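Trainee: I'd like to learn how to read contacts and burial in a model like this one. Can we go through some cases together?

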Amino acid sequence: MADARNNIPSPPGLPCVGNILDVQDEVPIHAIERLLDTYGPIVKLRIFGNERLFIGSAELLEELCDERRFWKTAGDGAASLTTAGGRSGLFGAKSEEEPDWQQAHRTLMPAFGPLSIQQMFGEMHDVASQLVLKWARLGSNYRIPVTEDFTRLTLDTIALCAMDYRFNSFYQDEMHPFVQAMNHTLSASSDRLKLGPLVRKMMPWDKSVEKVQQSRALMREIAEQLVQHRRSNPTEKRDLLNAMVKGKDPKTGELMPDALIAANMITFLVAGHETTSGLLSFAMLNLLKNPETYFKAQQEVDKVLGRGKMTVEHMKSLTYINAVLRETLRLTPTVPAFSRSIRNDNPHDVEQLSNGKYALRRDDKVLCLVSKAHRDPKVYGEDANEFKPERMLEDNFQRLLKGAWKPFGTGVRACIVYTSGRPFAWQEAQMALALLLQSFNFKLDDPSYQTKIKQTLTIKPDEFYMRATLRDGLTATNLQRLLSSSGDDVEFAVEEGHRRTATGLRDGQPITILYGSNTGTCLALAQKLSVNARKYGYNADVQELNTAVGVLPKNQPIAILTASYEGQPTNNADQFFAWLETMGAETSLEEVQFAVFGCGHSDWQTTFQRIPTLVDEMLEKHGGQRLAPRGLTDAASGDIFSDFDNWADHTFWPSFASGSGDASLAQTSLDIEMSTQNRGSYLRQDVRAGQVVDARRLTTDGEPEKRHLEVKLPEGMTYGTGDYLAVLPLNPPESVTRVTTYFKISQHATMTIKPGSATFLPTGVTLSVSDLLKGFVELSLPASRKDLQACLAVTKASEDRFVLEGLNNEEGFKEMIEWRTSVLDLLCQYQSIELSFSTFISMLPPLRPRHYSISSSPLHDPTTCTITYGIVRELAKSGVGHYIGVTSAFLSTLKPADEVLVSVRGTNKYFHLPAEPEACPIMMFGAGTGMAPFRGFIQERAVQIAAGRKLAPALMFMGCRSSVKDRLYAEQIDEWVKVGAVDVRYAFSQEPEKSRGCKHIQDRLLKDKEEVLRMWHEGAKVFTCGGPAVANSVGNAAKILLLGSLEAKGEKMSEEQASEWFQARRNERFVVDVFA
């Protein structure tokens, strides 16, 4: 077996010096990588009579990381760097058998637990803020020395977090003496095999050895001073220094001696900052050299942080930033190699590698080049040298060969902060990178800069400079306010105004209400339930479902209100759903008491109530206690609130609440103080102020009105093609006037809801009645059965009671819902209903945003977006007055320079243009304003074509009434057709003779079936946008086309099989965005 060692190739060497010339390079690691490129995955060198082995493949690295056979050995440089008083730090101990290593390891491991690392976030943020403000104040002309400033950042961070000591590096022009001494020592270690320094040391006048000794002595002195400073100034802070000064070895009970503490202080000061500064430097370089990844990272930061202050909770959402850091460490691991050898307790003196092809002896040291193994084409493919963070996203990362990513070492001697839960270095790097991308736009100082590497014990980019410009009109002053505040003031006001649940109700029992909502319906239900909770003696905490991942409360009621969106969880419930799906048998939800209510629309038959049903089943499967049977509502019936009230009052609350609350009839009045003082309106929901740029009508007079609105987005708000714009409207003035007239209240009056009132409305603040009615509550939603019963309970006239009782039966209530009769309608029609204003207000749901498909592309202009909408104004079905669409009426009043409250919301993640537009054709089906997202698609393609890209074909089927009167964006689309951005097939319902006899898009689909089939076979992705009728009609036509094409080939398929065929390809080849 030992003969297999002779199979390890070795380049010929020179007498005495051996292969010393083969490793000469300014960056020694590059020389060894070239040797591995020449000789294969393993190579043997002889230098000055000593043999060393080097490996560079993921397969061999994984084998050498087998802790049962091999262990880590410290290199000479690391060992000499981290010693003090004859004691060795964790980093420099020769093996894990050394008593110093064992004592330090046992003593310090608890200090690196996940909670301990998270508690360091505030101090990390403090130091990172100093870096951000330095760059902000120096301005865009400052040539940033990237590696130097990141070294300042990471040194100050480890010192403050681990030792409660401030080096204050950002307040000094020169680097701290410790860093200078460290750099000198590390450079000397790296120069050991370079001929120049070797020859220089032979000269009698050379003082390099003496300087290295002085540098090491300075590092020891600083470490010892820090230890003595702590002993002289004791603190109860739970940091690493206290863990060493006060902590006892859990095995022996001994305290660590000062010399060992000092040696480990050097370990943390070096390893705790040098590698992270290199990681951040390379990450910025990689992003700037690959602009697509830079913008993806910045977009994620904008999505997760917005303009708010970062908290530790944000870290888990920075998935792309996480991938950027992983991919950076793959390509440029800051510690590019570590040594392995056969364990002392391994009984074998020879160990085989690669199934006996090679062998190692007990005295062999193998330098594992992770920098080479990380680029192994057998693992990463032909593009292994390219920077692609996507390959490091979670699923891809988990599938990697273990030896394909080892930047922190391996086993018990891996980087200690990496092996213990949430890593110190990782949290620090994520936070710093996100803060920088949130605050600045960066560019290379020299666009032609080619990566240069400086190697000491670690590697960093050399001569790398960049420039930073504050983003979106930020100034150093308001940036400082953002970094030091508790959050964005506007977002705080929004949160206070909209998601307030039961202020002042701290005396009640706890209940948690979790919701998953894309459009706001389940949020409104959650708020409604939280208000009613007070009647039953409960204090409600309303949260998004995703906030409950891993932390579902126990021994208290939990109400889960959620919906399915195309059979998938909503955006704020997807992590929660995935958590339940991936939960192992070892996880128990025992003592979790839950009840689920689901929202859905039966027009989506195959996915109706899918998510609520699965959530209900999975919670029970994992041991949760179901308090009440799952409730559900079908939006197709238009009676969501009544269904919910019925479930809450007769199923949910009775399942655990001791009192009835008399919630089925009585409505709680609010304790309101009236005054005549005028006050302005308050911000609501998670929306911010945008500005109208353009507003115009798209259809001719006499046609159903379709309009175009362009909005300049608030600073920092971004969108993707196909996303939604959520608009928080104001109720029509006519509706507000009806209320104030009925209750005989001046619109100029103001009101204050006293703290402690059971309401979602702001309490303890004064606002005008007009503002309340316009901007906080829904005035036009159909009354629920509970609302009707409440009105009936206070109706005095017998004739009115008779009518209301008729409406309360099944047939009457169904008719009332169809007529969209609101509570206000009931009051105006039946004058003997004696309902107070405060009770009326308490009955109304919160005003929620309406979602519109964005009809533009950020490639055209990332600062503005457009929506395309129709005006809803028609005679009320009840025969009394008009039914006015709240948001469309509001939008139609806007003119350029007006303010509108908006927020970008993500659409179905599949409803986006293909990632490879050159390769994947698309087909689009929409009628009327259903073409809105497709205008954005086509605009994006037009921009790309103008830039010289050759795109795959795009075919759009568009339904209109007329070729002249309502052909939306006619001139623009005609121009896009000319440049090849799209081919449009119209269907004019009132002029079918102008659209090949086709009145509807499903007719045109069948008429042009040959081209549709051709594009399908070329791999086209198909998009449909419209109401349920449009989606179903297009789906039925597609089914006819499928069955007909099969029949033409002599094949058969049943209707049921056809439906299954389409369902299997949904979201992969067919994507539908249906609005009810």
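Trainee: Which residues does Leu474 touch, not counting those up to four places away in sequence?

Mentor: This is a predicted model, so keep that in mind as we go. A contact here is a pair of heavy atoms within 4.5 Å. By that rule, Leu474 touches Arg307, Gln438, Ser439 and Leu479. You'll find Leu474 in the loop between β14 (465-470) and α20 (476-484).

Trainee: Is Leu474 buried or exposed?

Mentor: Buried is the call under 20% relative accessible area. Leu474 counts as buried because its relative accessibility is 14%. For a link across the sequence, take Glu715: Leu474 and Glu715 sit 241 residues apart along the chain, yet their C-alpha atoms are 9.3 Å apart in space.

Trainee: What about a charged residue: why does Glu703 count as buried?

Mentor: Glu703 is at 9% relative accessibility, so it counts as buried. Its place is the loop between β23 (688-697) and β24 (706-712). Outside its sequence neighbours up to four places away, Glu703 touches Arg697, Arg961, Lys965, Asp966 and Gln990.

Trainee: And the nonpolar side: which residues touch the most other members in the largest nonpolar core?

Mentor: Leu433 and Phe442 do, in a core of 104 residues. Helix α12 (residues 258-289) gives the most to this core, namely 15 residues. Skipping neighbours within four places in sequence, Leu433 is in contact with Leu280, Ala283, Met284, Leu287, Ile321, Val324 and Leu325. Another core lies apart from that one, with 38 residues, including Leu767, Leu772, Leu792 and Leu844.

Technical notes
Residues are numbered from 1 along each chain as its sequence is written. This is a predicted model: local features need pLDDT of at least 70, side-chain atom pairs count only at pLDDT 80 or more; totals for chains, interfaces and linings use all residues. Side-chain values use heavy atoms; hydrogens and water are left out. A nonpolar core is a set of buried Ala, Val, Leu, Ile, Met, Phe, Trp, Tyr and Cys residues joined through side-chain atoms within 4.5 Å. Buried means under 20% relative accessible area, exposed over 50%, partly exposed in between (1.4 Å probe, protein chains only). Helices (H or I, at least four residues) and strands (E, at least two) are DSSP runs, numbered from the N terminus.
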